[in-house]
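Please follow this explanation with the sequence and the model side by side, moving from one region of the chain to the next.

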Amino acid sequence: MTERTNRTVLLRGGNVYSPADPFATAMLVEGEQIAWVGSDGAAEAYAGTADEVVELAGALVTPAFVDAHVHATSAGLALTGLDLTGCGSLAEALARIAAFAAGSPAGVLIGHGWDETGWPEGRPPTLAELDGAAGGAALYLSRTDVHSALATSALRGLTEGLGQLPGYHPEAPLSRDAHHAVRAAALAHLSAEQRRTAQRATLARAAELGIGALHECAGPQISSEQDLTALLELAATTEGPEVFGYWGELGGIETARRLGAVGAGGDLFVDGALGSHTACLHTPYADAAHTGAAYLTAEQIADHVAACTEAGLQAGFHAIGDAAVAAVLEGVRAAADRVGTARVKAARHRVEHAESLDDKAVAAFVELGLTASVQPAFDAAWGGPDGMYAQRLGAERAAGLNPFAALLRAGVPLAFGSDAPVTALDPWGTVRAAAFHRTPGHRISVRAAFTAHTRGGWRALGRDQDGVLVPGAVASFAVWDAAELVVQAPDDRVAGWSTDPRSGTPGLPDLTPGRPLPVCLRTVVRGRTVHLA
């Protein structure tokens, strides 16, 4: 990366979203830091000496977004290759697979995004249909939740011992260990250049969307050591979003440190996903006679949390179903009994996804100082009375998922992410999804949602001072072409928004569904422009 300088840049004539001044229209950046925030009139004092003056022409300036849960290589492969997200039918999916396979060079093919719950056929392809569409190629095709996958006969043949692994089926999609095995076999055939191209695509797309930092959730069951180190090196040597790595391996403290990860957590799987029937539940699925998959015990979780706490390293777990969340809470509480609650709370251990929470679980998050790393786009994609959640759990249980308002009221720190490629990098869409949750009682204000997707990601890293535009803070921000700014509340029983400047609350774009989302004009990371429209 090129050497950083102490250039001064003055931005003026816009709207600066800053708690330092709710009416700010200008901002001065010196090197990597914000030096001043204020009015256009006061900005005249800096205009003559600044190295660059940016005329905002009414544009909005905000802190850059932080996506607190991504899988950069997989997301990049979906961006640049076979992505079945939004496919309307099995027939369409098979046609897309056939076109992709016909246009691809020889070797293992990788794709993502199928979701049979919205298809009129109501089922995934058979193995014979998949083999036919792929033209005999070795193809790995992850389901939208990335917790089960389709694999052609050719790829199955490349996966040693596949038939003896849990989650194996000779015809149906593969889950659990069988899924992990075929994914590892597929990813092992990626060349260094293919990996780099995919990672570059993700970083470029993030920069285009005003994302200044990403939390990469890596691990032996989701990617590889080589994949994480390559990503961290790429991010460190190119102009783009910052990347903070997590390594999700039980007992993997030394590995996390060796790889340069900031935590031994992320996608350390306690369970799977609702769409794949592998999220772990207390009571059976509404559409299947079982309760999902449990990958870790409370005792294993306790051992990992205690070890991470004593090592001064953040732990974290993937937990979606209520039984999985309960196992995490039991384990973290047992670890707190061993090493002290204050030490556990200070470590800010994370729970990724944390979808199925009741009031008791929310209270335990507060007691144990846990951060909820959550994905509002999950509700937008699968919530509501007719969505996949209702199919899997029934309407009543589904309506309890992703209770953002309850978490916020209790004081649980929220960090928003996409889990890309599970859902797309889409920060303003994520904020909208939280503010207009399909269950009205779970909605939060646009301001709270925006904070969770900016400052919340930094707080999850233990960096409370970042993610806000105030003098002395890191100059990572985005400039937006946005319509009228409003103060939008989540309660439809009262006026839902205000444009009254007397409120003293800085406005944000109107994210009412159906309205266009803001367009990113410029993304700046630590004083360096990494995207310019």
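In this predicted model, the largest nonpolar core comprises 81 residues, and within it V270, F317 and F365 touch the most other members. Helix α11, which spans residues 322–339, supplies the largest share of this core, namely 10 residues. The surroundings of V270 give a view of the packing: once its neighbours within four places in sequence are set aside, V270 is in contact with A293, A294, Y295, L296, I301, F317, H318, A319, A324, A327 and V328.

One of those contacts, V328, also serves as a reference point for another part of the chain, since V54 and V328 are 274 residues apart in sequence and 49 Å apart in space, C-alpha to C-alpha. V54 lies in strand β5 and is buried, with a relative accessible area of 11%, which falls under the 20% that marks a buried residue. Leaving aside neighbours within four places in sequence, V54 is in contact with V9, L10, L11 and R12, and also with R522.

Strand β5 leads to the sheet in which it takes part, an open arrangement of four strands in the order β4-β3-β1-β5 with mixed pairing. Its edges are formed by β4 (33–38) and β5 (52–55), each of which pairs on one side only, and neighbouring strands of the sheet are turned by 15° against each other on average, direction ignored. Within this sheet, strand β3 (residues 26–30) runs antiparallel to β4 and is joined to it by five bridges, with V29 standing opposite I34 in β4. Helix α1, residues 40–47, packs on the sheet and touches β1 (8–12), β3, β4 and β5, while its direction makes about 155° with that of β1.

Further along the chain, strand β13 (residues 211–218) has eight of its eight residues buried, so the strand is largely enclosed by the rest of the structure. Two parallel pairings involve β13: four bridges join it to strand β7 (residues 65–70), and six bridges join it to strand β14 (residues 242–247). In the pairing with β7, V70 stands opposite E216 of β13, whereas in the pairing with β14, A218 stands opposite W247. Together with helix α8 (residues 225–237), the strands β13 and β14 make a right-handed β-α-β unit.

Another open sheet has five strands in the order β8-β9-β10-β11-β12, and its pairing is mixed. The strands at its edges are β8 (82–83) and β12 (174–175), each pairing on one side only. Inside this sheet, strand β10 (residues 139–143) and strand β11 (residues 148–151) pair in the antiparallel sense over three bridges, and L141 has L150 in β11 as its bridge partner.

Two backbone positions call for attention on account of their phi angles. R176, found in helix α6 (residues 176–187), has a phi near 50°, a positive value in a residue other than glycine, and R176 is partly exposed, with a relative accessible area of 30%. A354 likewise has a positive phi, of about 45°, although it is not a glycine; A354 lies in the loop between β17 (350–353) and α13 (359–368), and at 1% relative accessibility A354 counts as buried.

A further backbone feature is the cis peptide bond that joins A420 and P421, with omega about 15°. P421 belongs to the loop between β19 (414–416) and α18, and helix α18 itself (residues 427–435) has nine of its nine residues buried, so that helix is largely enclosed by the rest of the structure. Among the buried residues of α18 are W428 and R432. Helix α19 (residues 446–453) is mostly covered, with six of its eight residues buried, and these are V446, A448, A449, F450, A452 and H453.

What does a search of the whole structure find in the way of disulfides? The search finds zero disulfides. For C308, the closest cysteine sulfur is that of C217, at 14 Å, which is too far for a bond, given that a disulfide requires the two sulfur atoms to lie within 2.5 Å. C308 counts as buried at 0% relative accessibility, and C280 also counts as buried, at 11%.

Definitions and conventions
Residues are numbered from 1 along each chain as its sequence is written. This is a predicted model: local features need pLDDT of at least 70, side-chain atom pairs count only at pLDDT 80 or more; totals for chains, interfaces and linings use all residues. Side-chain values use heavy atoms; hydrogens and water are left out. Buried means under 20% relative accessible area, exposed over 50%, partly exposed in between (1.4 Å probe, protein chains only). Two strands pair if DSSP finds at least two bridges between them. Axes are lines fitted to C-alpha atoms, for helices over the stretch in contact, and angles run from 0 to 180 degrees between N-to-C directions. Contact means heavy atoms within 4.5 Å. A crossover is right-handed if, with the strands pointing away from the viewer, the path from the first strand over the helix to the second runs clockwise. A nonpolar core is a set of buried Ala, Val, Leu, Ile, Met, Phe, Trp, Tyr and Cys residues joined through side-chain atoms within 4.5 Å.
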